[in-house]
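Trainee: Could we go through this one together, slowly, while I keep asking short questions?
Mentor: Of course, let us open it and begin.

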Amino acid sequence: MTTDARTLPTGFGRLWTAQTISSLGDGVTHAALPLLALTLTRDPMGLAVVTAAGTLPWLMFGVLGGALVDRWDRRRTMWVTDAARAVLLAIPAVAAGLDVLSIPLLAAVAFLLGLGGLFFDTAASAYLPDLLGRDPALLERANARLRGAQTAASGFVGPPAGSVLLALGRAVPLFADAISFALSALLVRSLPAAPKPAAQARESLLRQARAGASYVFRDRLLLGLALRPAVGNIAFVAVETVLALFAHDRLGLATFGFGLLLTAEATGGLLGAGIASLLSRRLGTGTALTCTAAVEGLAILGLAAAPNPYVAGLALAVCGAGMGATMVLVPSLRQAIVPAHLMGRVTSTSRMLAMCAAPFGAFLGGWLASAFDVRTPLYVAAGLLLTMTAVTTSMTNNRRVEAALRDAASTDDRDATGSHPGLLAA
């Protein structure tokens with residue numbers, strides 16, 4: 001492991017600024033799109049279509065998108081995607097101004113925004129290790145800053161700003177998000193060029209996508225890293241599905257109190273992202289991941305048994321801290337050990353598994369609350385998280401992590417001398 005003495009390069013500051021601006025715009029749109037849909041229809045299914053449309057690209061094109069990112073220049077992919085999203089958002093903004101906005105148009109925009117997010121997020125995750133030289137300590141620090149800024153911008157500032165802007169006019173939040181994407185594109189355009197993808201044998205896109213997915217499933221460490229967010233999403237979405245009802249029926253909270261609960265979780269997420277590197281240095285990345293997973297499960301258990309809103313808020317803050325640390329440590333480790341030419345496919349495969357798991361969590365939470373009571377989904381979610389912790393502990397322990405980092409470092413050294421093709425054994 002490297003020390004923390006090295007500083008982050010100047011280019012990272014531009015990337016951080018670009019993603020912070022973009023996350024702020026995302027937070028605005030995250031609040032504005034459902035509210036815009038609500039002005040057009042009161043049909044729950046119509047509202048659900050707009051919400052679900054944004055997740056479909058990951059389910060439909062996740063692995064193929066990663067294969068394309070591995071073929072393309074990553075910096076160019078990021079700025080072109082953000083420029084395209086800026087233009088895209090102008091369409092519903094103009095439609096709102098002309099009073100011809102519709103649910104199908106909003107759903108199409110949500111889908112295309114999600115598709116753009118697939119390409120941008122995958123390319124950004126693959127570009128970061130190129131920018132930082134795959135230094136594990138620098139990757140942890142960089143991801144902590146990116147995660148903290150994303151949480152603050154999209155979780156704290158963006159949603160209320162979106163509601164305020166919507167009050168000024170239906171087109172205003174859409175234009176604001178379009179401007180954020182345009183600024184992000186300009187900043188990303190100024191970043192240092194990434195190394196060109198290594199020339200590979202000509203293969204079909206589907207074959208390359210399959211190779212990336214199999215790389216994840218054949219490597220126990222990468223599989224363990226992918227299972228954590230996948231199982232975690234089932235648990236967390238099951239909780240989120242009934243959280244508003246739980247807060248109202250069990251804790252006696254109204255709308256404002258429920259908002260404070262969510263703020264407590266976001267605050268914990270910021271803290272967790274901030275201490276992730278410290279946990280990694282003190283405990284080792286593998287042990288830190290085991291601890292954060294256990295903390296999440298125990299926190300949800302505490303939430304289920306909470307006798308009052310104060311204990312519930314503390315439990316959500318602790319859970320948010322575990323999630324925040326995990327979402328720094330997992331991508332940092334993946335970026336440090338995965339070969340550059342596979343980074344897009346490995347990232348998108350892992351993300352797709354997590355996204356596919358979310359609908360199961362929503363169904364599970366709703367069914368358990370209907371069949372039993374509103375606390376049952378929380379207890380089941382805690383059980384899933386603790387079981388996942390026990391199952392993946394041996395897959396992501398310190399010994400495996402350190403061995404993978406050594407292999408990645410030795411491979412990079414051989415690549416630098418041109419004596420090795422750069423493919424790690426899975």
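Trainee: Is Arg-134 buried or exposed?
Mentor: Keep in mind that this is a predicted model. Arg-134 has a relative accessibility of 13%, and because buried means under 20% relative accessible area, Arg-134 counts as buried.

Trainee: Where does Arg-134 sit along the chain?
Mentor: You will find Arg-134 in the loop between helix 5 and helix 6, the latter covering 136-168. Its backbone deserves a look as well, since the phi of Arg-134 is near 55 degrees, which is a positive value in a residue other than glycine.

Trainee: And what about the phi of Asp-99?
Mentor: Asp-99 is not a glycine either, yet its phi is positive, at about 60 degrees. Asp-99 is placed in the loop between helix 4 and helix 5, and with 60% relative accessibility Asp-99 counts as exposed.

Trainee: Stepping back, how many helices and strands does the protein have?
Mentor: There are 15 helices and 0 strands in the protein.

Trainee: So how compact is the protein for its length?
Mentor: The globule rule gives 22 Å for 426 residues, and the radius of gyration here is 21 Å, close to that value, so the protein is as compact as a globular protein of that length. If you follow the principal axes, the C-alpha trace spans about 65 × 50 × 40 Å.

Trainee: What share of the residues is buried?
Mentor: Buried residues account for 51% of the 426 residues. As for what lies on the outside, the accessible surface comes to about 18,600 Å², and 67% of that surface belongs to carbon and sulfur atoms.

Trainee: Which contacts join residues far apart in sequence?
Mentor: Take the contacts between residues at least 6 apart in sequence: 86% of them join residues at least 24 apart. An aromatic pair will give you a concrete example of distant parts of the chain being linked.

Trainee: How many aromatic pairs are there?
Mentor: The structure holds 2 aromatic pairs. In one of them, Trp-72 and Phe-119 lie 5.6 Å apart from centre to centre, with 35 degrees between the planes, and the pair is tilted. Trp-72 belongs to the loop between helix 3 (56-71) and helix 4 (74-97), whereas Phe-119 belongs to helix 5 (residues 103-132), and the two are 47 residues apart.

Trainee: Are those two rings buried or exposed?
Mentor: Phe-119 is buried, with a relative accessible area of 16%, while Trp-72 has 37% relative accessibility and counts as partly exposed.

Trainee: Why is the pair of Trp-367 and Phe-372 edge-to-face?
Mentor: Their planes stand at 90 degrees and their ring centres are 6.1 Å apart, so the pair is edge-to-face; the cut-off for that label is planes over 60 degrees apart. Trp-367 is partly exposed, at a relative accessible area of 47%, and Phe-372 is exposed, at 55%.

Trainee: New topic: which residues does Leu-24 touch?
Mentor: Leaving aside residues up to four places away in sequence, Leu-24 touches Ala-153, Val-157 and Gly-158. Leu-24 itself is in helix 1 (residues 10-40) and, with 33% relative accessibility, counts as partly exposed.

Trainee: Last one, what are the numbers of positive and negative side chains?
Mentor: The protein has 32 positive and 24 negative side chains, and the centres of these two sets lie 4 Å apart.

Note on methods
Residues are numbered from 1 along each chain as its sequence is written. This is a predicted model: local features need pLDDT of at least 70, side-chain atom pairs count only at pLDDT 80 or more; totals for chains, interfaces and linings use all residues. Side-chain values use heavy atoms; hydrogens and water are left out. Rings of Phe, Tyr and Trp (its six-membered ring) pair if their centres lie within 6.5 Å; planes under 30 degrees apart count as stacked, over 60 as edge-to-face and the rest as tilted. Helices (H or I, at least four residues) and strands (E, at least two) are DSSP runs, numbered from the N terminus. Buried means under 20% relative accessible area, exposed over 50%, partly exposed in between (1.4 Å probe, protein chains only). The radius of gyration is taken over C-alpha atoms; the globule rule is 2.2 Å times the number of residues to the power 0.38. Contact means heavy atoms within 4.5 Å. Accessible areas come from the Shrake-Rupley method with a 1.4 Å probe; for residues, only the protein chains shown count as cover. Lys and Arg count as positive and Asp and Glu as negative; His and the chain ends are not counted. The place of a charge is taken as NZ of Lys, CZ of Arg, CG of Asp or CD of Glu.
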